[in-house]
Amino acid sequence: AAVLGDGGIKALACSDIHNLIERMRQGCAVIVIAEEALPTDQLSVLEHILHDQEPWSDIPVILLTGQGPARSWEAFSASGNISILERPFSRLTLVRAVEVGQRARRKQYQVRQLLEEQRLATQKRDDFFATLSHELRTPLNVILGWTEILLATEMTLESRREALKVLERNVHVQKALIDDLLDTSRIITGKLHFDAAPLSLNQVLQSAQQALLPRAEAKGLRIELHLPTENYMVLADEQRLVQVIS
């Protein structure tokens, strides 16, 4: 520990194998073990801990041995990340070996971070699809319900027109939701395009309101739209702008 400290590496000396295992569980970069400090009857405990690491983890172990074959080598075969330093070796050799182990450990932590980011991204994607599948059912149920009413009920011309307007709105909602689903695929593959054109902002707001009406009505909500008298013009992709407003 003193040699490593002189080399600018923070090192903690463990009193026994149980102390070492506790430190491993708390987090460490490299393990340096003198072969003489390993009780033969406790080698299996350490081997078990090394074998049961997380898939991303493979703690570098540096085993300091005397001349001749290392008697502890077989006990560590399950880890696969063992370096043996045979005495005598220089202080610089030990420091450099630990530095190499630290670099390898940092790479492992980077892999862990990437795996966690991937897990969160997959979870968000799954949540998105779960929400979208629920939203897709809402206009579909309205369409099916009104279709059954139109087929089974004698209605006045005015009532039929109102029913067709409801059907039309919900078809547009369904189309917008499917477009959102396709956009997700395009974003993932880097193929999302924007078609900017001069637009009436008032008209875009009205389109967004119409798209939200079926879902609002299904939840007993009322959406009021208060537009300025002046008609503002914007340069934008109408579909994307409606998505943002919605």
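Cys-28 is buried, at a relative accessible area of 19%. Here buried means under 20% relative accessible area, exposed means over 50%, and partly exposed lies in between (1.4 Å probe, protein chains only). The sulfur of Cys-28 has its closest cysteine sulfur in Cys-14, 8.1 Å away, which is too far for a bond. Cys-14 itself counts as partly exposed because its relative accessibility is 31%. The structure holds zero disulfides, a disulfide being a pair of cysteine sulfur atoms within 2.5 Å.

A word on the model. It is predicted: local features need pLDDT of at least 70, side-chain atom pairs count only at pLDDT 80 or more, and totals for chains, interfaces and linings use all residues. Residues are numbered from 1 along each chain as its sequence is written, and side-chain values use heavy atoms, with hydrogens and water left out. Helices (H or I, at least four residues) and strands (E, at least two) are DSSP runs, numbered from the N terminus.

Turn to the strands. E1 (31-34) and E2 (61-65) pair in the parallel sense over four bridges. Pairing requires that DSSP finds at least two bridges between the strands. Val-32 stands opposite Ile-62 in E2. Between the two strands the chain passes through H3, and this β-α-β crossover is right-handed. That term applies if, with the strands pointing away from the viewer, the path from the first strand over the helix to the second runs clockwise. E2 also runs parallel to E3, joined by five bridges. Leu-63 stands opposite Ile-84 in E3.

How many of the five residues of E2 are buried? Five of its five are. Side chains alternate between the two faces of the sheet in a regular strand. In E2, Val-61, Leu-63 and Thr-65 lie on one side, Ile-62 and Leu-64 on the other, and all are buried.

Now the packing. A nonpolar core is a set of buried Ala, Val, Leu, Ile, Met, Phe, Trp, Tyr and Cys residues joined through side-chain atoms within 4.5 Å. The largest such core has 16 residues, and those with the most contacts inside it are Leu-20, Met-24, Ile-31, Ile-33, Leu-38, Leu-46 and Val-61. Helix H2 (17-26), E1, helix H3 (43-51) and E2 each supply at least two of its residues. Another core lies apart from it, with nine residues, among them Val-30, Ile-62, Leu-94 and Val-95. In soluble globular proteins, nonpolar side chains tend to be buried together.

Val-61 shows the packing residue by residue. Leaving aside neighbours within four places in sequence, Val-61 is in contact with Ile-31, Ile-33, Leu-50, Asn-81, Ile-82 and Ser-83. Contact means heavy atoms within 4.5 Å.

After E3 comes a loop to H4, and Pro-88 lies in it. A cis peptide bond joins Arg-87 and Pro-88, with omega at about 0 degrees. Most peptide bonds are trans.

H4 (91-152) has 62 residues, which should span 92 Å at 1.5 Å a residue; its end C-alpha atoms are 92 Å apart, which agrees. The expected span is 1.5 Å times one less than the number of residues. Buried residues of H4 include Leu-94, Val-95, Gly-101, Arg-105, Glu-135 and Pro-139. Their cover includes H1, E1, E2, E3 (82-86), H5 and H6. Val-95 also marks a link back to the start of the chain. Its C-alpha is 6.3 Å from that of Gly-7, though the two are 88 residues apart along the chain. Gly-7 sits in the loop between H1 (2-6) and H2.

H5 (157-189) has 33 residues and reaches 48 Å from first C-alpha to last, close to the 48 Å expected. The cover of its buried residues includes H4, H6 (201-218) and H7 (238-245). Why does Asp-179 count as buried? Its relative accessibility is 18%. Asp-179 touches Arg-186 and Gln-239, not counting residues up to four places away in sequence. Just after H5, Gly-190 takes a positive phi of about 70 degrees.

Last comes Pro-198, in strand E4 (197-200). Pro-198 is exposed, at a relative accessible area of 63%. It touches Met-233, Val-234 and Leu-235, not counting residues up to four places away in sequence. Ala-236 is 38 residues from Pro-198 in sequence, yet 6.6 Å away in space, C-alpha to C-alpha.
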